[in-house]
Amino acid sequence: MNKQNVGWIGLGKMGLLMAQNLINAGYLLKVYNRTKGKADLWLDKGVKELQSPAELLKESDVVILMVSDDSAIHEIFTSENGLLSSPEKGKIIINMSTVSPAISKEMAHLSKNNGNSYIDAPVSGSVKQATEGSLVIMAGGDHQTFEEVKPIFNVLGKLALKVGENGAGNAAKLAINTMLGLHAQGLAETILFANQQGISTKDLMELINNSALGNAFIKIKGEAILNDKYEAAFALKHIAKDLRLAKNEGLDSPLANVLNHSFQVAEQDLAEEDIIAIIKKIV
Ligand SMILES: NC(=O)c1ccc[n+]([C@@H]2O[C@H](COP(=O)([O-])OP(=O)(O)OC[C@H]3O[C@@H](n4cnc5c(N)ncnc54)[C@H](OP(=O)(O)O)[C@@H]3O)[C@@H](O)[C@H]2O)c1
C-alpha cells in the first residue's frame, strides 16, 4: 500500500493524536475536519486540509474516520459532498469511531455498492494510549482488507485483532465500554464509601494502586479525583452514548441497567467533563 495516501477525518481529542502518529511514521496525511483550522499545526509538514469527505476520498487510498457518533458518521457518508457521493472506487474506509454495529453494517454495505471496502476498527485506550501509539484496536470486516491496513494499525496501536465481520468491532467496543463504565462508577462509589469511613482518597488510592485491583485506568482516574480535575480525556457524553448503544444492542443486565441510568442522568449536567466526573452525581 502507498504510505503517502492516507486521509484522516476527525481531529478531536483522539483523532488529532492518532493522526500525529501517522505523520511521525511518514504517512503524508490529507485531512478533513468539520471545523476548519485544526490541521494548521501541521502546515509546515505538508499536511493538506480538504474541503469535503468526497474530495478527501478522491485524493487518498485509505480514509480513516475518528468522529463522535452515529449522526457524525451519517453526515460524513451521506451529505451532499459525503463519501458516498464520490465516484471513486477501490478505496478502503476505516471507521475507528465508537458507533453502533448497525451503522457500520449499513455504511459497509453502501461503500461496497460503490466499489469501496469498509472496516470498523474502534479503539480501547484514551489520550495517553493514543499519544503513545499503544491503543487496542478491534476490527470487523473481511480478512484481506484487515491485512492490507494492518501496517496502519501497527502505528496506532499495540494490538489489532479482527473479531468478526462488519459491525463486530463496534460490538466488541460496546462490551468493553460497559466494563469501562463499571470501573468508573465502581471507583467513584468505593472512594465515596471510604471517605465516609474517614479514609482519605490519597491513602485509599495508594492501597488500591498497590493491590491486585490496581490498573492504568484506576490510577489515572484516582489522580483526577484526588486533584479535583475533571477536564475530559474521555468525555462523559461519550460513555453515556456508548451505554445507550449497548442497551439498543440488547444489553439488559442488573449492573448495566444501573450504570446506564447513572450516566444518562449525569450527562444532563456533566456532558463535557471527564467520565470520572460521575463521582459528582453519586449521592
Ligand atoms: N476520548 C477518548 O478517550 C476515547 C477513547 C476511545 C474511543 N473514543 C471514541 O472515539 C471517538 C472520538 O472521540 P474524541 O474524544 O476524539 O471526540 P471529540 O474530541 O469530541 O471529537 C469529535 C470529532 O468528531 C467530529 N464531528 C462530530 N460531529 C460531526 C459531524 N456531524 N460531522 C463531521 N464531524 C463531526 C468533530 O468535529 P469538530 O472539530 O468540527 O467538532 C471532532 O473532530 C468517539 O466515538 C469516542 O467515543 C474516545
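Mentor: Ala, Val, Leu, Ile, Met, Phe, Trp, Tyr, Cys and Pro count as nonpolar, Asp, Glu, Lys and Arg as charged, and the others, Gly among them, as polar. This is a predicted model, where local features need pLDDT of at least 70, side-chain atom pairs count only at pLDDT 80 or more, and totals for chains, interfaces and linings use all residues. Residues are numbered from 1 along each chain as its sequence is written, and side-chain values use heavy atoms, with hydrogens and water left out.

Trainee: How do the residues of the shell around the ligand divide into nonpolar, polar and charged?

Mentor: A residue is near the ligand if one of its heavy atoms lies within 4 Å of it. The shell then divides into six charged, 10 polar and nine nonpolar residues.

Trainee: Which residue has a side-chain N or O atom 2.5 Å from an oxygen atom of the ligand?

Mentor: A polar contact is a pair of N or O atoms within 3.5 Å. Asn33 places a polar side-chain atom 2.8 Å from a ligand oxygen. Ser68 uses a polar backbone atom, at 2.8 Å from a ligand oxygen. The pair at 2.5 Å belongs to the side chain of Thr35.

Trainee: Which element gives the largest share of the shell around the ligand?

Mentor: Helices are DSSP runs (H or I, at least four residues), numbered from the N terminus. The largest share is three residues, and their source is H3.

Trainee: Which domains each give the shell around the ligand at least three residues?

Mentor: The bounds come from an automatic or database domain assignment. The protein is divided into two parts, with C-alpha centres 28 Å apart. The shell draws at least three residues from each of domain 1 (6-164) and domain 2 (172-280).

Trainee: How much area do domain 1 and domain 2 bury between them?

Mentor: Buried area is the accessible area (1.4 Å probe) that two parts lose on being put together, summed over both. Carbon and sulfur atoms carry 71% of it here. The total is about 1,100 Å².

Note on methods. A polar contact is a pair of N or O atoms within 3.5 Å; within protein, one must be able to donate a hydrogen and the other to accept it, and residues adjacent in sequence count only if both atoms are side-chain atoms. Helices (H or I, at least four residues) and strands (E, at least two) are DSSP runs, numbered from the N terminus.
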